[in-house]
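These exercises ask you to read a protein chain step by step, from its overall make-up down to single residues. Look at the sequence and the model first, and then work through each solution with them in view.

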Amino acid sequence: MKCPSCGSEYPYHDGNLWVCPECAHEWNEETQADTAGAEDSSVVLDANGNQLADGDTVTVLKDLKIKGSSQAVKGGTKVKNIRLVDASDGHNIACKIAGFGAMNLKSEFVKKS
């Protein structure tokens with residue numbers, strides 16, 4: 001269960017409510033189930049305006065520096081089997097890149113292959 005307000009992966013169950021330790025948001029489990037379908041309907045577009053979906057293959061458009069590392073993901077790198085996520089920091093693609101591991105990307109720096 002993720003927090004519907006901030007997307008935190010650390011909410012805990014307190015009585016009949018779920019509580020997020022990061023933003024202090026409280027919600028009922030039944031309410032969360034009712035609103036889950038509305039959140040999934042958001043549209044994610046690549047740099048060319050094409051709609052992305054889970055499982056798509058995308059190509060990185062430019063070299064992307066990796067925070068905390070001296071390496072960079074090179075432009076032209078193909079990323080298979082992406083997963084769309086709703087992140088507050090703008091990184092709305094979760095994926096695994098060979099040689100780098102799991103990371104999040106912004107859809108504005110990729111194009112659909």
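**Exercise 1. A span from a record**

How far apart do the end C-alpha atoms of residues 2-28 lie, and what percentage of the span is helix and what percentage strand?

Solution. Begin with the ground rules: this is a predicted model, in which local features need pLDDT of at least 70 and side-chain atom pairs count only at pLDDT 80 or more, while totals for chains, interfaces and linings use all residues. Residues are numbered from 1 along each chain as its sequence is written, and side-chain values use heavy atoms, with hydrogens and water left out.

Next, the end C-alpha atoms of residues 2-28 are 12 Å apart, and the span is 0% helix and 33% strand. Helices (H or I, at least four residues) and strands (E, at least two) are here DSSP runs, numbered from the N terminus. Finally, an unreviewed UniProt entry lists residues 2-28 as "domain: Protein YjdM N-terminal"; UniProt positions are given in the numbering used here, feature names are shortened, and annotations may be inferred rather than shown by experiment.

**Exercise 2. The whole chain**

Determine which elements make up the chain and what share of its residues is buried.

Solution. First, the chain has one helix and 11 strands, and from the N terminus their order is β-β-β-α-β-β-β-β-β-β-β-β. Second, of the 113 residues in the chain, 25% are buried, where buried means under 20% relative accessible area, exposed over 50%, and partly exposed in between (1.4 Å probe, protein chains only).

**Exercise 3. The open sheet**

Describe how strands 8, 9 and 10 are arranged, and then name residues that stand opposite one another.

Solution. Start with the order: three strands form an open sheet, 8-9-10, with antiparallel pairing, and two strands are said to pair if DSSP finds at least two bridges between them. Strand 8 and strand 10 are the edge strands, each of which pairs on one side only. As general background, strands of a sheet pair through backbone hydrogen bonds, either parallel or antiparallel.

Now count the bridges: strand 8 and strand 9 pair over two bridges, whereas five bridges join strand 9 to strand 10. Among the facing residues, Leu 84 stands opposite Ile 93 in strand 9, and Ile 93 in turn has Leu 105 as its bridge partner in strand 10. Further along, Cys 95 stands opposite Met 103 and Lys 96 stands opposite Ala 102. The hairpin of strand 9 and strand 10 has three residues between the strands, and in this hairpin Gly 99 takes a positive phi near 90°.

**Exercise 4. The nonpolar core**

Which residues have the most contacts inside the largest nonpolar core?

Solution. A nonpolar core is a set of buried Ala, Val, Leu, Ile, Met, Phe, Trp, Tyr and Cys residues joined through side-chain atoms within 4.5 Å. The largest such core has 14 residues, and those with the most contacts inside it are Leu 52, Val 79, Ile 82, Cys 95, Ile 97 and Leu 105. Strand 4 (58-60), strand 9 and strand 10 (101-105) each give two or more residues to this core, and the largest share, three residues, comes from strand 9. Strand 9 is largely enclosed by the rest of the structure, because four of its five residues are buried.

**Exercise 5. Three single residues**

Are Asn 92, Glu 9 and Asn 48 buried or exposed?

Solution. Asn 92, in the loop between strand 8 (83-84) and strand 9 (93-97), counts as buried because its relative accessibility is 17%. A polar atom of its side chain lies 3.0 Å from the backbone nitrogen of Ser 107. Leaving aside neighbours within four places in sequence, Asn 92 is in contact (heavy atoms within 4.5 Å) with residues including Val 44, Arg 83 and Leu 105.

Glu 9, by contrast, lies in the segment before strand 1 (12-14) and counts as exposed at 54% relative accessibility. Asn 48, in the loop between helix 1 (29-39) and strand 4, is also exposed, with a relative accessible area of 55%. The C-alpha atoms of Asn 48 and Ser 107 are 59 residues apart along the chain and are separated by 10.0 Å.

How values were computed
Polar contact = N/O pair within 3.5 Å; in protein donor to acceptor, adjacent residues only side chain to side chain.
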